[in-house]
Amino acid sequence: MTVLALRARRAWRPGSVTLLVGGVLTAFLVAVALTSLVWTPEDPARMRILQKLKGPLVSGLLGTDHLGRDVASMLMRGAFNSLTVAFAAVAVGAVLGTLAGVAAAARAGFDAVLMRICDALFALPPILSAIMLGALLGPGALTAIIAIGVFMIPVFARVTRGAALQIWARDYIMAARMAGKGTARITLEHVLPNIAGQIIVQVTIQLAMAILTEAGLSFLGLGLPPPAPTWGRMLAEAQTYLLQAPHLALAPGLAIAAAVLGLNLLGDGLAARLDPRRRQAS
Amino acid sequence: MVSRTRRHLLTGALLAALLVPGLAVAAPRTDLVLGMPVEPPGLDPTSAAPTVIGQVVWQNVFEGLTRVDRDGKVQPQLAKSWAVSPDGLTYTFALQAGVKFHNGEAFDAATAKFALDAIRAPGSVNPQKALYAVIADVKAPDPATLVLTLSKPSGNLLFWLGLPAAVMVEPKSRDGLKAIPVGTGPFRFASWRKGDRVELTRSPDHWDSARKVHLDKVTFRFIGDPQAAAAALRAGDVDAFPLLPAPELYAAFQKDKAFTAEPGLTEMKVVAGMNNAAKPFGDKRVRQALMMAVDRKLLVEGAYSGYGAAIGSHYTPNDPGYRDLTGVYPYDPKKAKALLAEAGYAKGLTFTFKSPQMAYASRTAEILQAMFAEVGVTMTIVPTEFPAKWVQEVMRDRSFDMTVIAHAEPMDIAIYSNDPYYFGYKNPAFNAVVTEAAQATDEAARLKAYGEAQQILADDVPALFLFVLPKLSVWKAKLTGFWKNEPVPSNDLTEVRWTE
């Protein structure tokens with residue numbers, strides 16, 4: 001606590017502004033998403049076809065879409081849907097990737113095999129693979145989560161492996177070994193706590209990636225099926241109304257941009273604080 | 001380049017007009033650029049089903065023994081007249097003389113026999129083969145006479161012979177028609193740049209002096225994106241778009257004086273087919289209840305910007321003998337709920353809906369979902385890729401509860417008697433009526449039978465009859481001669497011309 005308080009008092013450290021802006025944007029996004037579960041201005045699935053394509057403030061805060069649904073409400077519930085898929089996908093990637101990464105750092109034999117698998121996964125373009133997966137499993141939340149999550153495993157595996165290898169080279173690891181601790185115990189007690197900061201940074205940045213990919217999949221019709229609103233599908237449906245009702249594309253477009261920007265800034269700000277290499281550099 | 005030259009010419013002409021009073025200004029244009037949303041996979045309408053094939057070549061490059069005109073009526077074409085025997089089993093056609101194919105081959109009774117035999121051959125891949133199965137024998141007693149013998153009477157035969165699938169082809173060019181169409185029409189094929197355009201030029205020696213064409217050159221351009229299509233029209237890159245793919249962009253053209261935009265009707269019947277062979281749609285009451293849960297007018301407003309016409313059976317206002325049956329099960333959510341309760345679904349009903357990805361289909365799906373929710377029915381939408389996956393799962397495997405598709409073929413009400421077919425609908429009374437309609441040679445009796453067939457479907461609701469897709473055509477105000485409605489999917493350009 002005291003350490004954190006002390007750090008906070010040192011004003012305008014590198015990363016402070018990004019951290020603040022990123023934190024506020026992300027907190028707002030999460031707050032909106034959670035609020036949508038208990039309250040939205042309208043039922044986001046309710047159609048009032050005769051009230052279609054109304055402009056912002058004419059009907060509701062952000063107007064209505066081509067089927068007369070309230071855009072603000074859809075945007076709010078869309079935030080929840082996007083975040084849920086993104087969080088689940090990143091959780092899959094982070095847990096499996098971190099496990100693979102620390103295992104690779106601990107066992108040289110394992111390392112070679114694992115990193116080649118990661119290379120192979122890296123070679124596949126995620127959106128294209130997600131389309132293939134969608135064709136196999138049928139579109140839906142699970143497909144999106146698996147498709148995005150699987151391609152995050154190598155990202156996390158690489159980051160964790162690199163960081164963990166550095167820790168393994170430290171003297172206190174040698175000391176722990178001397179004290180008779182096994183590989184698993186050292187990993188749990190010394191390696192993981194020391195690389196946690198870098199994993200958290202990576203989680204934030206990958207969340208932004210996941211939101212973007214989820215929007216892409218929904219845009220292509222491979223995300224959550226209707227009536228669940230998603231930003232990607234809102235954007236896809238707004239395409240042909242671009243001239244008549246530009247707000248239909250602007251609203252989800254700006255939402256995606258804000259979410260990605262917020263999470264990226266948060267990630268950058270956190271990196272300046274938590275990543276030992278960048279902490280030294282600054 | 002062409003347009004720049006044209007502009008120079010025009011400037012020159014204007015200058016000349018100023019300098020020399022009384023000199024005629026530029027003559028009307030004789031070229032046309034026509035836009036289509038989908039490129040055909042080939043150009044032979046006798047060997048593949050997509051209607052876009054006929055929309056390029058039918059009546060322009062290829063002609064038939066008869067033709068269906070803009071009002072859906074049968075007119076003579078390569079057959080100048082015919083006589084039908086009293087028992088309705090023998091058709092004797094008198095053929096036009098002096099007709100040549102674009103490759104110089106002559107058209108006569110032997111060629112006509114070849115073309116009809118090719119449709120009926122065992123290995124034929126003709127998309128409408130079933131329509132011509134009643135033809136038992138084709139004889140060519142002399143070059144100007146063709147005699148068809150039928151196995152049973154077929155009141156629609158002359159109409160079927162006027163469709164794109166029955167155009168006249170000749171043996172020498174037959175195998176290459178997909179890439180190089182060779183017909184007897186007023187335009188001949190010039191070039192095809194894949195992914196971009198097909199060009200036709202006027203045939204110098206077309207036989208039909210009564211129908212003189214006005215255009216010298218026609219370019220079909222394929223523009224899939226609706227925004228790009230609208231932009232191409234406004235920029236003048238395209239002179240006409242007979243089927244604008246996005247209804248939401250249409251209103252702007254209707255207001256624009258530079259364009260003619262009058263919505264007509266196609267033959268595309270949008271119906272939500274149900275699996276009548278399984279629960280819960282085996283119960284007629286469930287189907288009727290869902291029909292009453294749908295506000296068709298509102299659905300058209302949401303799914304197609306209000307263009308198109310609501311239907312109550314599998315028949316369009318273009319078709320002869322049409323009956324407006326939208327009042328048989330009108331929108332009435334209260335009655336729908338009561339009928340569902342009577343059928344044992346008082347506590348609600350849950351099923352899945354396989355939705356193809358076309359805009360009209362996915363919008364219809366979302367709206368139906370919302371309308372069904374009002375009567376306590378939960379419909380889960382499963383987006384299903386069209387055509388491959390949808391055709392496999394719905395048409396072949398018949399593993400679905402409900403789906404939606406636009407049926408494009410004109411006068412295809414008899415598909416509900418097909419067994420097997422994806423609706424899984426079985427009603428001997430309906431089968432008897434459509435057979436009667438198909439075999440009646442007396443027009444009044446035939447239309448009466450078709451009326452009864454429409455009524456049976458409206459009562460039984462094997463599919464939710466929703467609406468007919470509109471023909472949202474746009475062309476430059478100075479053009480005339482296009483079809484407003486589309487009794488046959490086509491772009492017949494024989495009467496199209498520039499007025500100045």
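This is a conversation between a trainee and a mentor about how the terms used for a predicted two-chain model rest on its values.

Trainee: What should be settled about the model before its contacts are discussed?

Mentor: The model is predicted, local features need pLDDT of at least 70 and side-chain atom pairs count only at pLDDT 80 or more, while totals for chains, interfaces and linings use all residues. Residues are numbered from 1 along each chain as its sequence is written, chains are lettered from A and ligands numbered from 1 in the order in which they are written, and side-chain values use heavy atoms, with hydrogens and water left out.

Trainee: What makes the pair Glu366(B) and Arg69(A) a salt bridge?

Mentor: The term requires a side-chain nitrogen of Lys or Arg within 4 Å of a carboxyl oxygen of Asp or Glu. The side chains of Glu366(B) and Arg69(A) meet at 2.6 Å, N to O, so the pair satisfies the cut-off of 4 Å. Between chain A and chain B the count is 2 salt bridges, and over all chains the structure holds 40.

Trainee: Why is Arg69(A) said to tie together parts of chain A?

Mentor: Arg69(A) also forms a salt bridge with Glu237(A), with 3.5 Å between the closest N and O atoms. Arg69(A) lies in the loop between helix 2 (16-38) and helix 3 (71-106), whereas Glu237(A) belongs to helix 10 (residues 231-238), so the pair links parts that are 168 residues apart in sequence. Helices here are DSSP runs of H or I with at least four residues, strands are runs of E with at least two, and both are numbered from the N terminus; by that rule chain A has 12 helices and 0 strands.

Trainee: How do you know how much area is buried between chain A and chain B?

Mentor: Buried area is the accessible area, taken with a 1.4 Å probe, that two parts lose on being put together, summed over both. For chain A and chain B the value is about 1600 Å², of which carbon and sulfur atoms give 58%. In chain A, Ile49(A), Pro226(A) and Thr240(A) lose the most area to chain B, together 31% of what that side buries. Counted as contact, meaning heavy atoms within 4.5 Å, the interface takes 20 residues from chain A and 17 residues from chain B.

Trainee: What are the bounds of the two domains of chain B?

Mentor: The bounds come from an automatic or database domain assignment, which gives domain 1 (26-262 + 473-500) and domain 2 (266-471). Their centres, taken over C-alpha atoms, are separated by 30 Å, and the contact takes 28 residues from domain 1 and 19 residues from domain 2 of chain B. The two domains bury about 1900 Å² between them, 52% of it on carbon and sulfur atoms. In domain 1, Asn156(B), Pro247(B) and Glu486(B) lose the most area to domain 2, together 26% of what that side buries.

Trainee: What makes Glu486(B) and Lys471(B) a salt bridge?

Mentor: Their side chains meet at 3.8 Å, N to O, so this pair also falls within 4 Å. Across the interface of domain 1 and domain 2 of chain B the rule finds 2 salt bridges.
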